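Here is a short walk through a few features that are worth having on screen as you read. Please open the structure and follow along.

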Amino acid sequence: MTDITRPSSPPAARISGRSFNELPLSPGMKETLRQLGYLTMTPIQAASLPIALAGRDLIAQAKTGSGKTAAFGLPLLTNLNPRRFAAQAMVLCPTRELADQVTQEIRRLARSSDNIKILTLCGGSIMRTQTSSLEHGAHIVVGTPGRIMDHIERGTLNLEALNMLVLDEADRMLDMGFVEDIAFIAKRCPANRQTLLFSATYPDGIARLARQFMRDPQEVKLTGQHEESKIRQRFYEVSNEDRLQAVGALLKHYRPVSTLAFCNTKQQCRSLLEALHAQGIKALTLNGDMEQRERDQVLIQFANRSISVLVATDVAARGLDIAQLEAVINVDITPDPGMHIHRIGRTGRAEENGWALSLCSPSDQRRVIDIAQMMRIKPEWHELSELKDEDEAKLIPPMVTLQMLGGRKEKIRPGDVLGALTGEAGYTREQIGKITITDQSTYVAVARNIAHEAVRKLAAGKVKGKTVKVRAL
Ligand code: ADP
Ligand code: MG
């Protein structure tokens, strides 16, 4: 997926105050950063970029949302020789979603040098297609350990020219049991490469993993950031009969633009979806039985703010990384306190505040005690009767997703879509949200009030010189 977002204003809480200009980056790269609205480095970037750009191995730890992708993306792109058509850098990620996100961010950063090919290699896509893409030569390979290992074993991925190996979300890759695969892959990379390891937390396994194949790594840890949590956690007592109804009441009271609602079972996800729809609340669910394309569509709509609520089990939400999440609702309390912390850690990122709202029946009390103990908190209890249902209209998502047939295969680029909407159709940049391009389709979020008209105008006009089939999702 290719994807652009509007340049976000630098979040005050997490900027280091230091400019990218002090780094040895090309003028083109500096211009790209300016265009992306990356005016100052985040703390982890300020701490790790000088080390990584100097060619040293690096272990960097900082919480989610702290800008780690650019912290390895910039050194990776700086070291690249676009005229050499061979894999020179490889990024390992725990899941396909994260690999897609890393690919998107590197594509954004690589904007000024247009001949750089980035290939995502993950399970769930056809091996043969990936192999033929590899034959055409990719400069950067991003993928999950399993699939990359497959390609190495079959001899379809040649690592002779590799000069940089990046492990992203190393803690999660450990959690998911990828240690051996990673070690296998690292052994096949040239010995004189540079290795960068990024992680949100620093479990013991990381040091052990690093010792196996990193050379005198420098360590940068910004643990302090994890404590100053912006998550406001509240617990509500409910009876099991009222549980699903209560989710709607929470949504109407807090009015978060994006909410991730966790259930413990798939069945509960389905029931919640029905209950929400009955209350006129837009929600979708993710589950393991979905095809990848369906899953992509759900994630795209949630991430671009045209769906307010995403309902999922822990398994289905694995690897999901959404930047702006105003609330996490624990529809069911998980019996695993560590999982609870993981769930609620998805909100309150970066400079934003986030709500973590949990519905607890009397039989959940034991679980809440365990959570409170592990988090060293005193649970803040609230009554459902405090919840007010004010203004129904506000729960409507701000954006609508338009889907156009034709994507990366047709060489559609975000600029083509943006051009069509801001040019002939006459919309402003502010009315257009995220643009996501998959192999077959292009998705663009537009402000809800212009959606109908935008479909008409796009269908009547041209994108990249061609008429397009377009519909609102
Ligand atoms: P992490 O990998 O640490 O979870 P990401 O790399 O995904 O974090 O970055 C989080 C968000 O911050 C992204 O939307 C990214 O575009 C944005 N971002 C990264 N660096 C900067 C910067 N220097 N200034 C402003 N925004 C930034
Ligand atoms: Mg990351």
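## A charged pair to begin with

Are Arg172 and Glu169 buried or exposed? Both of these residues are buried. This comes from a predicted model, in which Arg172 and Glu169 form a salt bridge with their closest N and O atoms 2.9 Å apart. Salt bridges that share partners also join Arg96, Asp100 and Asp296 into one network.

In general, side chains of opposite charge can pair when their charged atoms come close. Across the model, the count comes to 18 salt bridges.

## Two salt bridges in helix α4

Helix α4 spans residues 96-109, and two pairs are worth a look there. Asp100 forms a salt bridge with Arg96, with the closest N and O atoms 3.6 Å apart. These two are four residues apart in α4, so about one helical turn separates them. Asp100 counts as buried because its relative accessibility is 7%, and Arg96 is buried too, with a relative accessible area of 19%, where the cut-off for buried is under 20%.

Further along the helix, the side chains of Glu105 and Arg108 meet in a salt bridge at 2.7 Å, N to O. Both lie in α4, three residues apart, which is about one turn of the helix. Glu105 has 9% relative accessibility and so counts as buried; Arg108, at 14%, also counts as buried.

## Helix α15 and its two faces

Now turn to helix α15, residues 365-375, where Val368, Ile371 and Ala372 are buried. They cover an arc of only 100° around the axis, so they sit on the same side of α15. Which exposed residues does the face turned away from the buried side carry? Look for Arg366 and Gln373 there.

What do the buried residues of α15 pack against? Their neighbours are β9 (231-237), α14 (337-344), β14 (354-360) and β15 (381-382). Just after α15, Arg376 takes a positive phi of about 50°.

## A buried threonine in α5

One last stop is Thr131, which is found in helix α5, residues 127-135. Thr131 counts as buried because its relative accessibility is 15%. Leaving aside residues up to four places away in sequence, Thr131 touches His151 and Thr156.

Key. Residues numbered from 1 in each chain as written. Chains lettered and ligands numbered in written order. Predicted model: local features only at pLDDT ≥ 70, side-chain atom pairs only at ≥ 80, totals over all residues. Heavy atoms only, no water. Buried < 20%, exposed > 50% of the residue type's maximum accessible area, 1.4 Å probe, protein only. Arc of directions from axis to C-beta. Contact = heavy atoms within 4.5 Å. Salt bridge = Lys/Arg side-chain N within 4 Å of Asp/Glu carboxyl O.
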